[in-house]
Each structure stands twice: as C-alpha cells, then as structure tokens.
Amino acid sequence: MHKYQGKYQPPRKSRRPFLYIGLGCGLFALIAAAYVGLFFWTGSQRKQASRQTAMEYVVTLPTRPPKETEAAGTTRPTESTVPETTAETEPPRFPSVDFEGLREKNPDVVAWIQIPTLEGIDYPVVIGEDNAYYVNHNWQKEESEEGAIFLDFRNQPDFSQPHNILYGHCMKDGTMFQPLGQWEKESFLRNSDRSLLLYLPEETRVYEIIGSERVNALDSRVYKTDYTTGEEWADAIGITLTKLWYELDTEYDGDSEILTLSTCMGGDQRLTVHAICVEHVPNP
C-alpha cells in the first residue's frame with residue numbers, strides 16, 4: 001500500500017476531445033475550401049470550353065501574302081510568262097461566321113457581336129422565348145451562371161426594328177458585358193475606336209458607339225422595342241443623346257438604327273451603351 005503524500009489531487013481531465021474537435025473543424029474547413037475551389041475551377045473550365053467551341057465557327061481574316069522578291073541571279077520573266085491578270089484580290093473586310101454550324105448547336109443563334117476595342121466582347125448572340133432563360137443558360141443551352149448574350153425576345157431575330165436591345169451579365173472575371181464600363185470614361189470614349197460590329201447571316205452591320213448611361217431597369221425610354229421609324233423615333237434618339245454627359249458629332253434622323261447593350265450594376269440599376277448603325281455591308 002502506498003503512503004499518502006501531500007494533499008489529494010483529482011485526476012487531470014484529458015484534453016484529447018478538444019484536440020479531436022479542432023482537428024475535425026480544420027479538416028472540414030479544408031474540405032469546404034477544396035470544394036469551393038473545385039466549383040469555381042470547373043465553372044471557369046466550362047466557360048472557356050463554351051467560348052472555344054463558339055470561336056471554332058469564326059473564320060479569321062486572312063493576311064495578305066508578302067510580295068515575292070527576285071532571287072539573286074534569276075532573270076526577269078518575259079512578257080509571255082507574265083500572267084494576264086496581276087491585280088491582287090482584296091481580302092474580305094470582316095471575318096466569316098458559320099451560322100449554319102452554330103445553329104446546329106443551337107437554333108436560337110441569331111448574330112455575333114464584336115467590339116474590337118474591347119477584345120473580351122466577342123460572342124454569339126441568341127434569342128429566347130422570354131428574357132429569363134438565357135440569364136442562366138449559355139449559348140449552348142447549358143446551365144451556367146454567366147448566361148449568354150441575348151437579344152430582347154420582343155425584337156425580331158433579323159434585327160429589322162429600329163431599336164434592338166442586347167443583354168449580358170457583368171461578370172467579376174471580366175467576361176460577358178463587364179468591359180462595357182470602360183465607355184463611362186470620357187477619355188476612353190474620345191480616344192478609342194468606337195466601332196461595334198454585328199455579324200448577321202446576310203450582312204455585317206457597323207455601329208458607332210455614341211455613349212453610355214445608367215438607368216433604371218424599368219426605364220420605358222431605354223427598354224422600349226416597338227418604336228417605328230419616323231419623327232417619334234428621331235425624337236426618342238434625341239432624348240437619349242441629351243442624357244449623355246458629353247457631346248459627340250453624331251448625325252441621326254428618323255431612319256437611324258440604334259443598338260442598346262444592357263448589363264446589371266446591382267439592384268434595379270443598369271448600365272446601357274448605345275450605338276448607332278452607320279453601315280450595312282452585305283456578306284460575300
């Protein structure tokens with residue numbers, strides 16, 4: 001039998017339960033972080049794959065071949081060996097879009113939009129039965145948070161109305177219509193190429209961006225699509241131009257065609273960019 005030594009001391013409580021709880025919480029946080037990272041990574045990969053698939057249907061402009069130089073020691077060709085036609089064939093002015101191929105993927109494809117100054121805006125355009133479906137579906141009809149660039153369902157698919165509206169998300173990673181915010185800078189507007197290209201199956205339309213404004217999502221002036229050409233439409237364009245906080249040398253009349261790009265800025269606020277059509281170029 002052991003002899004009693006000093007005061008009675010109760011046995012120490014084990015700290016292992018707290019250690020296990022801490023390790024469990026850390027492991028859970030690690031798994032959650034990995035899951036979130038995987039979610040964003042897969043979303044980014046899906047977005048890139050969708051964009052790459054779309055770009056497969058665009059034929060880029062061919063470059064003009066360099067002029068051949070005479071090799072040293074060679075003789076000049078005689079008149080009999082010179083081809084009768086020596087004029088160079090002018091390369092096409094715009095890229096070619098394979099709309100048949102795009103519509104095999106999705107019959108809702110109606111156009112392709114490109115803003116040369118904003119390299120990120122280079123997308124197919126679709127139209128749905130309403131303005132809700134393509135908010136969370138990409139151009140291939142796959143569920144996607146970035147959605148698609150889509151034409152207002154009240155517009156005609158051939159863009160035959162004087163006022164057409166395109167919608168797109170303002171994604172934090174700089175995709176879709178996020179770059180449109182550049183047009184709010186006066187220096188950017190005045191010193192950049194303001195052209196906007198809209199490729200259609202039958203023609204290419206060249207627009208000139210005339211400015212941007214922030215509006216309410218229910219603004220009837222901006223989001224009206226049933227305008228008809230004439231004095232009423234010319235007045236509506238004039239009102240839009242007066243809303244811009246800078247002056248541009250842009251001529252317009254009752255036959256002018258306006259393309260409005262719209263993206264969310266939080267709540268009911270929208271950023272809109274307006275462009276006026278300056279040229280119709282038939283496809284070759």
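In this predicted model, His163 has a relative accessibility of 3% and therefore counts as buried, the cut-off being under 20%. The residue belongs to strand β6, which covers residues 163-167. Its side chain comes to 2.6 Å from the backbone oxygen of Lys224. Beyond residues up to four places away in sequence, His163 touches Asn155, Val222, Lys224, Thr225, Tyr227, Trp233, Ile258 and Thr260. Tyr227 lies 64 residues from His163 along the chain, yet the C-alpha atoms of the two are separated by 6.7 Å.

A second histidine, His274, is placed in strand β10, residues 269-282. His274 is buried because its relative accessible area, 2%, falls under the 20% cut-off. Apart from neighbours within four places in sequence, the contacts of His274 are Glu208, Ile209, Ile210, Gly211, Glu213, Val222, Thr240, Leu259 and Thr260. Val222 and Thr260 appear in the contacts of His163 and also in those of His274.

Helix α4 supplies a contact to each histidine. The helix comprises 13 residues, 231-243, and at 1.5 Å a residue it should span 18 Å; the C-alpha atoms at its ends are 19 Å apart, so the two values agree. Trp233, Ala234, Ala236, Ile237, Gly238 and Thr240 are its buried residues. Of these, Trp233 touches His163, while Thr240 is in contact with His274. The buried residues of α4 pack against four strands: β6, β8 (203-216), β9 (258-264) and β10.

Strand β8 is largely enclosed by the rest of the structure, because 11 of its 14 residues are buried. The pairings of β8 with two other strands are set out below.

| Strand pair | Sense | Bridges | Bridge partner of Tyr207 |
|---|---|---|---|
| β7 (residues 195-199) and β8 | antiparallel | five bridges | Leu196 |
| β8 and β10 | antiparallel | 13 bridges | Cys277 |

Tyr207 of β8 thus links the two pairings: it is the bridge partner of Leu196 and stands opposite Cys277 in β10. Three residues lie between β7 and β8, and the two strands form a hairpin. The pairing of β8 with β10 involves the strand that holds His274, and the contacts of His274 include Glu208, Ile209 and Ile210. Strands β8 and β10 are also among those against which the buried residues of α4 pack.

Conventions. Residues are numbered from 1 along each chain as its sequence is written. This is a predicted model: local features need pLDDT of at least 70, side-chain atom pairs count only at pLDDT 80 or more; totals for chains, interfaces and linings use all residues. Side-chain values use heavy atoms; hydrogens and water are left out. Buried means under 20% relative accessible area, exposed over 50%, partly exposed in between (1.4 Å probe, protein chains only). Contact means heavy atoms within 4.5 Å. A polar contact is a pair of N or O atoms within 3.5 Å; within protein, one must be able to donate a hydrogen and the other to accept it, and residues adjacent in sequence count only if both atoms are side-chain atoms. The expected span of a helix is 1.5 Å times one less than its number of residues. Two strands pair if DSSP finds at least two bridges between them.
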